[in-house]
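Biologist: I would like to go through this model one feature at a time. Please put the structure up, and I will ask as we go.

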Amino acid sequence: MTKDTQIPGYNDGSLDLTNCDREPIHLLGHVQSFACLIAVTSDWLITRASQNTKDFLGLEPASIFGRSLTEFFSEQAIHDLRSRMQLMWDEDAVERAFDVVLLPDSDEKFDVAIHRSGAEIVLECQKSDLNRNTDQGSVIRPIIGRLKNESSVDAVCQQASRFVRSLTGFDRVMVYKFRPDESGEVIAETARAGLDPFLGLRYPASDIPKQARALYKRNLLRIISDVDDKVSPILQQSNNAGPLDLSLSTSRAVSPIHLEYLRNMGVKASMSISIVIRGKLWGMFACHHYEPRILNYGIRSAAELLAQMFSFVLERVENDIEREEAVRARILHDQLMSQLAEGQSLAQNFEVISDAMRALIKSDGAALWVDGEFLNIGHTPSKDQFSGLARHLNVHPSSQIIATNCIADDYPDAVQFQDKAAGMLVLPVSRTPRDYIVFFRRELVQEVRWAGNPEKPVTVGPNGVRLTPRGSFAAWKEIVSGKSADWTAGEIAGAEALRVTLLEVVLRISDAASRERVRSQERQELLIAELNHRVRNILNLIRSLVSQSKQSAGSISEFTEIIGGRIHALARAHDQLTNQNWDSTPLRELVSTELEAYIGLESGRVQCDCPEVLLTPFAFSTLALVIHELTTNSVKYGCLSNDSGVLMLSGQKADNGDLIFNWKETGGPAVQAPTRSGFGSTVIERSIPFELKGEANVRFDVSGLEASMRIPAEFVEFAEREVTAAEAAVEAKEEAKPASASLSGPALVVEDNMIIALDAEDMLTALGADSVEIASSVSEALQLIEKYDFSFAILDVNLGSETSEPIAHKVKASGIPFVFATGYGESQALADQFEGVTFIQKPYDQKAVQKAIAGMSES
């Protein structure tokens, strides 16, 4: 007959804390003296027995090995034990049988714990307490009912510590919670009067070895009845079977290191009950008594049941808190999705995002890193410092929230900005490139109270170099610096919810950008086709103008004047159409522009009584040549050739929607009908019928030329209100006035075409700019903005493969007035983002720039 195993340290002093994490505490081979142990095979043959089995049951271990337990236990006892085994649901199950009469010729009752250990069945027998309350459920139910009324973790833990102490009678009951670094903290405590409080004390991770934590998950209750107990060895016939695994044992002996630890604390008896939530060891009830204490199995079972029920209540409290935080996160999501501007980037919405999130997650600063662009609010690293941090973050998974209260632990260079940011919560918001939103917390210098010096968990003992647990558990204060406040699980969950929201925003922006690219591509293809068509038509038209104009010219200078005037008329019409993005254009603008070029709209010389009417681009171009020919003829031969002639323009809407437009001259020289029809007359009489399928009649009365034109309804659009002649003259004059505006200080031109940029430089210099800086790319422009305090900027929308949108955001944020220059017409996306910003059309001149500056001054 041999002992199950020898306990290192009990006899030879060989065990010390250097191998504490490897100590086989489940194979110690002894049981505490309050119970005896018998192990049997599946057919009830006895294989092992603790030495004190003789004291409890009168059975000598040496005489019962290899024999059936049925020879010694009563038939009813075997039946009761087999029935309890039938209820064991898994390999870690422990069943209990209370008040069982084990021996046939005895009335003594025992409480028996039953579990499996490998191929063996283990029975642990403890004498029943005849005075105990047999209905523990009546005690547990009201306790759980009260615990359910608590809504915070601290409150429910404090109440639970009171109930466990009341149930078990221990001098001190603590709720001990494991922290992320595996250290523990006492978060709730109930103790008898006169004891120093442990509430708030921190214990290093080494106080509870890893293998002990693993056992706490399997065996929820652990009791030490007396630290000076004379334990009983487990005996077996031979060592061939190996030591018995006591992981699930209720009476398993205790590691001598742990016993020494308790002695150093002055504790004589202890009990721990595991708190397991979602399969993880959340913490435990730690019970201390300052005298030996043996609890009957019924109370231990009730305490274990209470702890299990408490775990459910605690999980419910945490789930309620998480649900509340999830609701807040959902509300935040809805708010953000409604507040974020459609089509705008994360950078443009950063302030909205930061303000909303900092209401959910307490932080001292926030930073955005998108495509190398850095934006920040509050206390954060600088752009250069964050650039290095971003490279470090890139090695982490792209879908993982990173939360730390000490950045320098993982990124040593963080000590450079530790005064601004010690902890961070990182939200990756894209895969490629890596973009981040990061919330920072400043350093929080705090005092941590440890139960003894955590840097000296062991001391040299009386046996020379052998290490022993520390002997002093007096509160030891440590000043912790370089760290921020911890990020809570709720804050991390909220950050994850925000990350999902922002990914949705990114996808929405990407979809919007994709749609805009498709629309831009379609517009570009249409513009190219339209441009090709118009260029061919213009070239053919100019060739015809040259050919026809030479017939009516008597000299080269006269020919130059005629052809130049006609080409300028087309150019002016084209400019007007460009200003309207090739949309319908007012007839009065065409008339006023042409007449202003010759007579400056002298008061009283032109009388207009026309309705407010818009012409389509095609009709506008056709009518531009007609009006030009009528005007030049009037200036040379008609009412505008002297100082007294008057030109009367009138118009009306026909019943079928056509426009009737009349031109009548009076007060000029006597008119004679031409002897031959020249090109000008041909343009007047035939352009409208040929191009527009309308009508045109010209009459050469002696008092002055009269022309009547009918423009079909499909080419015109009438406004509701007609403009009087006086209003038309005033508006025409106002539009003809040059804009009054001037600049001072340096100006910026962003343009990728050198010639256009130089022209713009000349214009701005002429308008008063002290100097003009030119940039052809986004990066170059942003550098200049950092260097100069600009008073005005012209930004070409398209810069080769990029756009000036980032520059526009920068100058807007800097308060610099600016205009967009474009050859494509106003971009709706840009117009929505930069409300009120003026777009000038290419080709633009100094007058257009001056008008834009004047408009900004007026607004």
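Biologist: In what order do the five strands of the open sheet with antiparallel pairing stand?
Modeller: Keep in mind that this is a predicted model. The sheet is open and its pairing is antiparallel. Strand 16 (373-378) and strand 17 (402-404) each have a single partner strand, so these two stand at the edges. Read from edge to edge, the order is 16-15-19-18-17.

Biologist: How many bridges join strand 18 to strand 19, and what is the bridge partner of Val426?
Modeller: Strand 18 covers residues 423-428 and strand 19 covers residues 436-441, and the two run antiparallel. They are joined by six bridges. For Val426, the bridge partner in strand 19 is Val438.

Biologist: Which helix packs on that sheet, and what angle does its direction make with that of strand 16?
Modeller: The helix is helix 9 (residues 350-360), which touches strand 15 (365-370), strand 16 and strand 19. Its direction and that of strand 16 make an angle of about 40 degrees.

Biologist: Which strands stand at the edges of the open sheet with parallel pairing?
Modeller: That sheet has five strands in the order 33-32-34-37-38. From one strand to the next, the twist averages 20 degrees. A strand with a single partner has one side left without a neighbour in the sheet, and this applies to strand 33 (771-775) and strand 38 (839-841).

Biologist: What is the bridge partner of Val750 in strand 34?
Modeller: Strand 32 (residues 746-750) and strand 34 (residues 792-796) run parallel and are joined by four bridges. In strand 34, Val750 has as its bridge partner Leu795.

Biologist: Which strands does helix 19 touch, and which does helix 20 touch?
Modeller: Both helices pack on the parallel sheet. Helix 19 (residues 778-787) makes about 150 degrees with the direction of strand 33, and it touches strand 32 and strand 33. Helix 20 (residues 805-813) makes about 165 degrees with the direction of strand 37 (818-822), and it touches strand 32, strand 34 and strand 37.

Biologist: How far apart in sequence are the parts that Glu786 and Lys810 tie together?
Modeller: The two residues form a salt bridge, with the closest N and O atoms 3.0 Å apart. Glu786 is exposed at 58% relative accessible area, while Lys810 is partly exposed at 30%. Glu786 lies in helix 19 and Lys810 in helix 20, so the parts tied together are separated in sequence by 24 residues.

Biologist: Which residues do salt bridges with shared partners join into one network?
Modeller: One of the pairs is Arg179 with Glu185, whose closest N and O atoms are 3.3 Å apart. Arg179 is partly exposed at 22% relative accessible area, and Glu185 is partly exposed at 22%. The network is made of Arg179, Glu185 and Asp486.

Biologist: How many residues apart in sequence are the parts tied together by Asp92 and Arg218?
Modeller: Their side chains meet in a salt bridge of 2.7 Å, N to O. Asp92 lies in the loop between helix 3 (75-85) and strand 5 (95-101), whereas Arg218 belongs to helix 6 (residues 210-218), so the separation in sequence is 126 residues.

Biologist: Is Leu305 buried or exposed, or partly exposed?
Modeller: Leu305 is placed in helix 8 (residues 297-339). With Met309 and Phe312 it makes a nonpolar surface patch of about 280 Å². Its relative accessible area is 38%, and because buried means under 20% and exposed over 50%, Leu305 counts as partly exposed.

Methods: Residues numbered from 1 in each chain as written. Predicted model: local features only at pLDDT ≥ 70, side-chain atom pairs only at ≥ 80, totals over all residues. Heavy atoms only, no water. Patch = residues over 30% accessible without salt bridge, like charges linked within 9 Å, V, L, I, M, F, W, Y side chains within 5 Å. Areas by Shrake-Rupley, 256 points an atom, 1.4 Å probe, with all protein chains shown as cover. Salt bridge = Lys/Arg side-chain N within 4 Å of Asp/Glu carboxyl O. Buried < 20%, exposed > 50% of the residue type's maximum accessible area, 1.4 Å probe, protein only. Pairing = 2+ DSSP bridges. Contact = heavy atoms within 4.5 Å. Axes fitted to C-alpha atoms, helices over the stretch in contact; angles between N-to-C directions.
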